Amino acid sequence: LEQRLNLPDGTRVLLVHEPPDGGVARYVMHLALGLGEHGFQVEVAGPRASNIADPLRAAGIEVHTTSLTRSYSRPDQDTRATVEIGRILRSRRISIVHSHSSKAGVLARIAARAARLPSIYSPHCFGFVGDVGRPRELAARTIETALARVTDAIVCVSEAERRRALELRIAPSGRLHTVLQ
């Protein structure tokens, strides 16, 4: 999607991810490597325990560790991670933020908004989908809808994910894109 936005060569992109391992982390690693091959200056921010940090560094990609965690019981760590992401955006002169996963999506989009930067978000499965309790479902839907207003593009990994976001009025159709991985 970064390529479709017609960003000039050398644009500094920060990819932010929360899961330290698994499919999302591997996708971020491949995206970072691919964007670099297309002229983007890519940096990655993720949790301290990220298993993609070493391979990315070996490929010459700047990796920033943050306080991002899977837990939802530590709002102090979430605040710290948001501040850390904001510092990276300012100190590294990032041009655009692309966040991956629900939690990283929330924190990175808040930091991007505060830094007045455009943001792209790939949920890789919205936080309100699946076997979640009603309170979490409602909270996640409310947060996603609010943040969609300040998100330049939401990249869905399937047409079903895009349709679900449209059904729930998370974002207007023009802001939702399907990119199959």
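A residue counts as exposed here when its relative accessible area is over 50%, and as buried when that figure is under 20%. Keep those two cut-offs in mind, and keep in mind too that this is a predicted model.

Let's put the cut-offs to work on R93. Its relative accessible area is 68%, so R93 is exposed. You'll find R93 in the loop between α3 (75-91) and β4. Its backbone is worth a look as well: R93 has a positive phi of about 55° although it is not a glycine. R116 makes a nice companion. Here, too, phi is positive, near 60°, in a residue other than glycine. R116 sits in the loop between α4 and β5, and with 77% relative accessibility it counts as exposed.

Now zoom out. The protein has six helices and seven strands, and reading from the N terminus the elements go β-α-β-α-β-α-β-α-β-α-β-α-β. How does the radius of gyration of the protein compare with the globule rule? It comes to 15 Å, close to the 16 Å that the rule gives for 181 residues, so the protein is as compact as a globular protein of that length. Along the principal axes, the C-alpha atoms fill a box of roughly 45 × 35 × 30 Å. Of the 181 residues, 49% count as buried. If you like thinking in contact maps, take the contacts with a separation of 6 or more: 60% of them are between residues 24 or more positions apart.

Next, the sheet. The seven strands form an open sheet with parallel pairing, in the order β3-β2-β1-β4-β5-β6-β7. Why do β3 (62-66) and β7 (176-178) each have one side without a neighbour in the sheet? They stand at the edges and have a single partner strand each, so one side of each is left free of a neighbour. From one strand to the next, the twist averages 20°.

Strand β4 is a good place to stop and look around. Five bridges join β1 to β4 (residues 96-100), and the two run parallel. Within that pairing, L14 has V97 as its bridge partner in β4, while H17 is partnered by H100. Four bridges join β4 to β5, again running parallel, and V97 stands opposite S119 in β5. Is β4 enclosed or open? Five of its five residues are buried, so β4 is largely enclosed by the rest of the structure. Its side chains split into two sets: I96, H98 and H100 point one way, V97 and S99 point the other way, and all are buried. Helix α4 (residues 102-114) lies across β1, β4 and β5 (119-122), running at about 160° to β4.

What about the packing? The largest nonpolar core has 22 residues, and those with the most contacts inside it are L15, A32, V42, V44 and L56. The elements that give two or more residues to this core are β1 (12-17), α1 (22-37), β2 (41-47), α2 (53-58) and β6 (153-156). Of these, α1 supplies the largest share, eight residues. To see how this works at one residue, take A32. Leaving aside its neighbours within four places in sequence, A32 is in contact with L15, V42, V44, L56 and I61. There is also a second, separate core of 18 residues, which includes V16, A45, A104 and L117.

Not everything tucked away is nonpolar, and E144 is the residue to finish on. E144 lies in helix α5 (residues 134-148). Is E144 buried or exposed? Its relative accessible area is 3%, which is under the 20% cut-off, so E144 is buried. Which side chain does it pair with through a polar contact? The side chain of R109 is the one, and the contact joining it to the side chain of E144 is 3.0 Å. Not counting residues up to four places away in sequence, E144 touches S102, R109, Y121, F126, F128 and I170. So with E144 you have a glutamate at 3% relative accessible area, with R109 among the residues it touches.

Key: Residues are numbered from 1 along each chain as its sequence is written. This is a predicted model: local features need pLDDT of at least 70, side-chain atom pairs count only at pLDDT 80 or more; totals for chains, interfaces and linings use all residues. Side-chain values use heavy atoms; hydrogens and water are left out. Buried means under 20% relative accessible area, exposed over 50%, partly exposed in between (1.4 Å probe, protein chains only). A polar contact is a pair of N or O atoms within 3.5 Å; within protein, one must be able to donate a hydrogen and the other to accept it, and residues adjacent in sequence count only if both atoms are side-chain atoms. Contact means heavy atoms within 4.5 Å. A nonpolar core is a set of buried Ala, Val, Leu, Ile, Met, Phe, Trp, Tyr and Cys residues joined through side-chain atoms within 4.5 Å. Two strands pair if DSSP finds at least two bridges between them. Axes are lines fitted to C-alpha atoms, for helices over the stretch in contact, and angles run from 0 to 180 degrees between N-to-C directions. The radius of gyration is taken over C-alpha atoms; the globule rule is 2.2 Å times the number of residues to the power 0.38.
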